[in-house]
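Student: I've got a model open and want to talk it through with you. Can we put it up on the screen?

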Amino acid sequence: IIATETSYMVKDGKGYGLLDKNGKVVMPCVYQEMKPQYSYLLCKKDGKWGVFTSSYNELYPCQYQEVSLLEVEEKLVLMHKDKGLWGVIDFNSGMELLPVKYEKIDLVKFEDRYYYIAVEHGLKGLYTVDGVLIVPCNYSDIECKSVAGETLLEVKCKDGAIGLVHMNGIDILEPGKYTSYEWFWLSSKERFVRPEKSDYTLYAS
């Protein structure tokens, strides 16, 4: 028996369940696993995971291979796996942020913002936490670079060629065209300005 503030987790021959403080069954002993997360309860039944509220109501049925609740920029998202592939749902609205088609999804932080790096067919892409595409899943690797306070993405193709992409998705160096690059600063200004402003130039080969 495991006690929480509002209930007892109990186990019998069939599985785990919950009793309230008066000993009343509020969730039957039919679950293989139960674990609290962010005031919700993740439950596994017949090999599949679902999510319940603290008042024992089902929010998401036990239909996922794996689930994980994450707090991202003051909101909760549900990362879930089905048939070997991952997707992301806005936990409160139920809106799909990333469809269930990725082999892997990682939550990463570039500078002071969070993003998803998703892997499809072995290649990486980048999305905002709201599911907006920044970089398509065309690359073997994606790294964050900081140039004079500006965040850029260095993307690497399967053949080793590279590119530079702004966080708004606009190409600075066309991906796949170059194998190396260097920055050459032409002024002492501590800010990032596009090449046509003549504050820096870029050499790529």
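Student: How many cavities of 30 Å³ or more does the count come to?

Tutor: Keep in mind that this is a predicted model. A cavity here is a spot where a 1.4 Å probe fits but cannot get out. By that rule, with 30 Å³ as the lower limit, the count comes to one.

Student: What volume does the largest cavity have?

Tutor: The volume is the space filled by probe spheres set on the grid points. For the largest cavity, that works out at about 30 Å³.

Student: Which strands each supply at least two residues of its lining?

Tutor: Start with the lining residues: Asp141, Ile142, Glu143, Glu154, Val155 and Lys156. Now match them to the strand ranges, 141-147 and 150-156. Those ranges belong to strand 17 and strand 18.

Student: How many residues of that lining are charged?

Tutor: Go by class: Ile and Val count as nonpolar, while Asp, Glu and Lys count as charged. The lining has two nonpolar residues and no polar ones. That leaves the charged class, with four.

Student: Switching to the open sheet of four strands, which are its edge strands?

Tutor: The sheet has the order 9-10-11-12, with antiparallel pairing. An edge strand pairs on one side only, and here that fits strand 9 (66-72) and strand 12 (96-102).

Student: Which residue in strand 12 does Val88 stand opposite?

Tutor: Strand 11 (residues 85-90) runs antiparallel to strand 12, and three bridges join them. Across from Val88, in strand 12, stands Leu98.

Key:
Residues are numbered from 1 along each chain as its sequence is written. This is a predicted model: local features need pLDDT of at least 70, side-chain atom pairs count only at pLDDT 80 or more; totals for chains, interfaces and linings use all residues. Side-chain values use heavy atoms; hydrogens and water are left out. Two strands pair if DSSP finds at least two bridges between them. On a 1 Å grid over the protein atoms alone, a cavity is a set of points where a 1.4 Å probe fits but cannot get out, and a pocket is an open set with protein on both sides within 12 Å along at least five of seven lines; lining residues have an atom within 4 Å of a point.
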